[in-house]
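Me: I have a chain on my screen and would like to go through the words people use for it. Could you take my questions in turn?

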Amino acid sequence: MIRMIIEIFEAMMSFFLILGIATIAFALIYYIAEEGKMSIFESLIHVYRLNFADFDEYEKLLEWIIYLAATILNPLILMNILIAIMGDAYGKI
């Protein structure tokens, strides 16, 4: 049981790396799209909230595109990758 938990946590490190890179990438995209209206930290917080489907009102088309891409990639696709990683780690044991 302990070995299984350790295997899963080791396998999840790659997932957290991919999630962090995707979150930072969307934060930079949002920061550039906002043309300096918010700080990089505020855009990072905004994208972090997007990972948990926190919805704000968007006015520009580019904001909607970023929102759709971030909500499709981060929560949906990456969570499916996490499930696959955990299943693969469980299968190795």
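Reply: Gladly, and let us begin with a definition: helices (H or I, at least four residues) and strands (E, at least two) are DSSP runs, numbered from the N terminus. Leu 78, for instance, lies in helix α3. This is a predicted model, in which local features need pLDDT of at least 70 and side-chain atom pairs count only at pLDDT 80 or more, while totals for chains, interfaces and linings use all residues. Residues are numbered from 1 along each chain as its sequence is written, and side-chain values use heavy atoms, with hydrogens and water left out.

Me: What makes the pattern of the chain α-α-α?

Reply: The secondary structure comes to three helices and zero strands, and reading along the sequence gives α-α-α. Helix α1 covers residues 2–33, helix α2 covers residues 40–51, and helix α3 covers residues 61–92.

Me: How confident is the predictor, and which element has the lowest mean pLDDT?

Reply: pLDDT is the predictor's confidence in each residue, from 0 to 100. The chain averages 80, and 98% of the residues score at least 70. Among the elements, helix α3 has the lowest mean pLDDT, 79, and α1 the highest, 83.

Me: How does the radius of gyration of the chain stand against that of a compact globule?

Reply: The radius is taken over C-alpha atoms, and the globule rule is 2.2 Å times the number of residues to the power 0.38. For 93 residues a compact globule would have a value near 12 Å, but the chain has 16 Å. The C-alpha atoms fill a box of roughly 50 × 20 × 15 Å along the principal axes.

Me: Why is Leu 78 called buried?

Reply: Buried means under 20% relative accessible area, exposed means over 50%, and partly exposed is in between (1.4 Å probe, protein chains only). Leu 78 has 4% relative accessibility, so Leu 78 counts as buried. Buried residues make up 30% of the 93 residues in the chain.

Me: What does Leu 78 touch?

Reply: Contact means heavy atoms within 4.5 Å. Leaving aside neighbours within four places in sequence, Leu 78 is in contact with Phe 15, Ile 18, Leu 19, Ala 22 and Leu 73. Leu 78 and Phe 15 are 63 residues apart in sequence, yet 7.7 Å apart in space, C-alpha to C-alpha. For the chain, among contacts between residues at least 6 apart in sequence, 60% join residues at least 24 apart.

Me: Ile 81 is in helix α3 too; why is Ile 81 called partly exposed?

Reply: The relative accessible area of Ile 81 is 32%, so Ile 81 is partly exposed. Ile 81 and Met 12 are 69 residues apart in sequence and 9.8 Å apart in space, C-alpha to C-alpha.

Me: Turning to helix α1, why is Leu 17 called exposed, and why is Thr 23 called buried?

Reply: Leu 17 has 55% relative accessibility and therefore counts as exposed. The C-alpha atoms of Leu 17 and Asp 56, 39 residues apart along the chain, are separated by 26 Å. Thr 23, also in helix α1, has a relative accessible area of 9% and is therefore buried. Not counting residues up to four places away in sequence, Thr 23 touches Leu 44, Val 47, Tyr 48, Asn 51 and Asn 74.

Me: And in helix α2, why is Ser 43 called buried, and Ile 40 partly exposed?

Reply: Ser 43 has 0% relative accessibility, so Ser 43 counts as buried. Beyond four places in sequence, Ser 43 touches Ala 27, Tyr 30, Tyr 31 and Met 38. Ile 40, in helix α2 as well, has a relative accessible area of 41% and so is partly exposed. With the sequence neighbours up to four places away not counted, Ile 40 touches Ala 27, Leu 28 and Tyr 31. The C-alpha atoms of Ile 40 and Leu 28, twelve residues apart along the chain, are separated by 7.2 Å.

Me: Last one: how many positive and negative side chains does the chain have?

Reply: Lys and Arg count as positive and Asp and Glu as negative, while His and the chain ends are not counted. The chain has 5 positive and 11 negative side chains.

Technical notes
Charge placed at Lys NZ, Arg CZ, Asp CG, Glu CD.
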